[in-house]
Structures are given as C-alpha cells and as structure tokens.
Amino acid sequence: LTLAKELVDLHTELLGPDHIRLAKSFNNLAIALEKASVFEAAVELHRRALAIKERTLGPDDASVAVTLHNLGSVYFNEGRPDLAEREYRASLRLKPNQPMVEQNLGVAVDVADTVAVMVNGRIARVMPAGELAADTDLQQRLLGVERSLLPVVGVGVEAEADWDRLRTPETHLGYGRADRLP
C-alpha cells in the first residue's frame, strides 16, 4: 500500500490533479485498500477517480461505468448492499448492452436481467437472471459446493448408548435414562 500511495503522490505532482492516469492510480490504490478492508479510503479514491474521468472523458464514457462498478464492489464488500446496488445500476445505465462481470452470484442476479456463465474463460451458457436465481443446484455447481452429507459417527461420550449392555445408570452419563434399563 505504501508503494501505491507513493505512486499516486508522484502522479499527482508530475501530471496534475486531473490527469486520466491519476484516475487509474486512484483506482488501483482503491482496489488494494478494498482488499485490505479499508473501505472508507477505497470509496474516497474511487470517487476521486470518478470525478477525474467524468471531467476528462465525459459522464457517459465506458471508463466511468467501470469505476461505478468498482465503487459498487467496495460497498458490497463493506456490507452496504443498498449503496452497492445503486452504483451497479448506474454502471449498467451507462453500458446497457455491455455485459457486467461479477463474481458474486447474488449481486449478478439482483442487478442484471441476463447472466452469462463462464467456464475456463469462455461463455458456456446465457440465461435469464431469474432462472439462475431459482436453480440452487446450478449455483452450487458453479461455486463448487457439494451437498452430499457425510455420515456422523459418535465417539466416546457422544456415541449412542448400548442399552443392551448397560446394567446400571452409573455406566452411562445420562442418569435420567435409568428407566430404560432392564
């Protein structure tokens, strides 16, 4: 993070406060801060990058949509889904025909009408978001989750009592079960 902050300071000094490369530096540092769970600072840097992009590239530029999506990602990871959805939707308004890349299935089905499932970097299936939301088996396969149950075998005091061989309540921890003895 220190190196990224130094790079931002150097870019600001050399390029000026409104240079597009400075916006990229803000974005990269914001992503690093998000991964370190420093959400407030990440939001601030994405907002600064957004302001530069809107001034230099225009408010309808595709790069503005990417920054809005990144900002939504910070809010989502911070646990603020209402703000995340607002930014995701703003991003989609700018790029309505452009697919949104989202790794979180919940976010993808909440903000998109259509989702594409990618396998090994290739689109394997395109489907309505509602269909994916309703298909929990597909979601689990995509996430690599197996639902098969493992057998549970009690050991020691957690083992099932062998009522046929118990002769006194003291041989079993459950004194209240003495009524089941022969």
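This passage walks through the nonpolar cores, one buried histidine and a surface patch of a predicted model. Local features are reported at pLDDT of at least 70 and side-chain atom pairs only at pLDDT 80 or more, while totals for chains, interfaces and linings use all residues. Residues are numbered from 1 along each chain as its sequence is written, and side-chain values use heavy atoms, with hydrogens and water left out.

A good place to start is the interior. The largest nonpolar core (buried Ala, Val, Leu, Ile, Met, Phe, Trp, Tyr and Cys residues joined through side-chain atoms within 4.5 Å) has 19 residues, and F26, L45 and Y75 have the most contacts inside it. Two or more residues each come from α2 (20-35), α3, α4 (62-78) and α5 (81-94); helices are DSSP runs of H or I, at least four residues long, numbered from the N terminus. Beyond its neighbours within four places in sequence, F26 is in contact (heavy atoms within 4.5 Å) with V8, L45, R48, A49 and I52. Apart from the largest core lies another of eight residues, including A108, A129, L132 and L138.

Helix α3 (residues 39-57) also holds H46. H46 counts as buried because its relative accessibility is 0%; buried means under 20% relative accessible area, exposed over 50% and partly exposed in between, with a 1.4 Å probe and protein chains only. Outside the four places on either side in sequence, H46 touches N27, A30, I31, T67, N70, L71 and V74.

On helix α1 (residues 2-15), L10 offers a contrasting view: its relative accessibility is 42%, so L10 counts as partly exposed.
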